[in-house]
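Subject: Handover of a structure and the findings on it

Dear colleague,

Please find the structure below, together with its sequence. My account of what was found in it follows.

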Amino acid sequence: MPSSYQAPSRKDKVQASTHSQTPASNLKHETATVRNILERKGSEVFSLRPQNTLHEAVELLRDKGIGALLVKDSEGKLQGILSERDIVRKLAETPGQTLPQRVEGVMTTAVETCAPDETLISVLRRMTEGRFRHMPVVDGVTLAGVITIGDVVNYRLNELEYEALQLKQLIVG
């Protein structure tokens with residue numbers, strides 16, 4: 001007959017637990033912001049020019065393992081964003097003729113940006129309502145990075161994981 005489940009007791013061995021955030025990052029009473037993500041992720045941005053071809057864009061997306069590229073002019077000013085979704089739509093419209101086309105004809109020019117001090121819940125809401133997954137971060141006039149909806153969700157999941165561990169330790173310990 002199988003034995004029934006028995007909850008752990010205080011005399012049981014405490015197994016080492018891991019968590020992806022520190023107590024300092026989760027116990028302070030601050031609202032999570034875009035800056036919190038950039039501090040972990042970094043500010044590296046992959047971009048190309050409007051005159052580049054979609055073939056060049058597809059190769060860069062593949063090589064970097066990313067889903068979108070920023071499009072900047074020769075002075076580094078943000079001109080648009082090119083996502084995998086933009087390319088797929090163009091492939092459906094012009095099968096067999098898409099890759100030689102220039103980025104400027106396919107990119108999204110109405111780019112939503114956020115600031116480093118913007119709250120993650122605000123950014124998540126904007127991304128969900130706008131149905132896009134990548135958002136450039138602009139600090140004044142300087143491009144500070146790019147965050148994805150996956151970055152925001154992952155950050156929040158890590159917060160929840162750590163909060164659950166803390167509650168468990170309070171209850172058991």
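I begin with a contact between charged side chains. Aspartate 151 and lysine 41 form a salt bridge through their side chains, with 2.6 Å from N to O. This pair ties together distant parts of the chain, since aspartate 151 belongs to helix α6 (residues 149-172) and lysine 41 to helix α2 (residues 34-41), 110 residues apart. Lysine 41 has a relative accessibility of 41% and therefore counts as partly exposed. Please bear in mind throughout that this is a predicted model.

Salt bridges

The structure contains eight salt bridges. Besides the pair described above, I would draw your attention to the following.

Arginine 102 is joined to glutamate 104 by a salt bridge in which the closest N and O atoms are 2.6 Å apart. Arginine 102 is partly exposed, at a relative accessible area of 41%, and glutamate 104 is likewise partly exposed, at 36%.

A further salt bridge connects glutamate 159 with arginine 156, and here the closest N and O atoms are 3.0 Å apart. Both residues are found in helix α6, separated by three residues, or about one turn of the helix. Is each of these two residues buried or partly exposed? Glutamate 159 has a relative accessible area of 13%; buried means under 20%, so glutamate 159 is buried. Arginine 156, with a relative accessible area of 38%, is partly exposed.

Finally, a network of salt bridges links Glu112, Glu118 and Arg126.

The strands

Three strands make up an open sheet, in the order β1-β2-β3, and their pairing is mixed. The edges are occupied by β1 and β3, each of which has a single partner strand, so one side of each is left without a neighbour in the sheet. Strand β1 (residues 47-48) runs parallel to β2 and is joined to β2 by two bridges. Leucine 48 has valine 71, in β2, as its bridge partner. Strand β2 (residues 68-72) is itself mostly covered, with four of its five residues buried.

Strands β4 (residues 134-139) and β5 (residues 142-148) run antiparallel and are joined by six bridges. Together β4 and β5 form a hairpin with two residues between them. Aspartate 139 stands opposite threonine 142, which belongs to β5. In the turn, glycine 140 has a positive phi of about 75°.

Helix α4 and the loop that follows

Which residues of helix α4 (residues 84-93) are buried? They are Asp86, Ile87 and Lys90. These residues lie on the same side of α4 because they cover an arc of only 95° around the axis. Their cover includes α3 (54-64) and β3 (78-83). On the face of α4 turned away from the buried side are the exposed residues Val88 and Ala92.

The loop between α4 and α5 (120-130) contains threonine 109. Threonine 109 has a relative accessible area of 55%; exposed means over 50%, so threonine 109 is exposed. Where does threonine 109 make contact, once its neighbours within four places in sequence are left aside? The residues in contact with threonine 109 are then Gln79 and Gly80. In addition, the C-alpha atom of threonine 109 is separated by 6.7 Å from that of isoleucine 81, although the two residues are 28 residues apart along the chain.

A nonpolar patch on the surface

Leu167, Leu170, Ile171 and Val172 make a nonpolar surface patch of about 440 Å². One of these residues, isoleucine 171, lies in helix α6, the helix that also holds glutamate 159 and arginine 156. Isoleucine 171 has a relative accessibility of 70% and so counts as exposed.

Points to look at in the model

- The salt bridge between aspartate 151 in α6 and lysine 41 in α2.
- The open sheet β1-β2-β3, with its mostly covered strand β2.
- The hairpin of β4 and β5, with glycine 140 in its turn.
- The buried residues Asp86, Ile87 and Lys90 of α4, and the exposed residues Val88 and Ala92 on the face turned away from the buried side.
- The nonpolar patch that includes Ile171.

With kind regards

Notes:
Residues numbered from 1 in each chain as written. Predicted model: local features only at pLDDT ≥ 70, side-chain atom pairs only at ≥ 80, totals over all residues. Heavy atoms only, no water. Buried < 20%, exposed > 50% of the residue type's maximum accessible area, 1.4 Å probe, protein only. Arc of directions from axis to C-beta. Contact = heavy atoms within 4.5 Å. Salt bridge = Lys/Arg side-chain N within 4 Å of Asp/Glu carboxyl O. Patch = residues over 30% accessible without salt bridge, like charges linked within 9 Å, V, L, I, M, F, W, Y side chains within 5 Å. Areas by Shrake-Rupley, 256 points an atom, 1.4 Å probe, with all protein chains shown as cover. Pairing = 2+ DSSP bridges.
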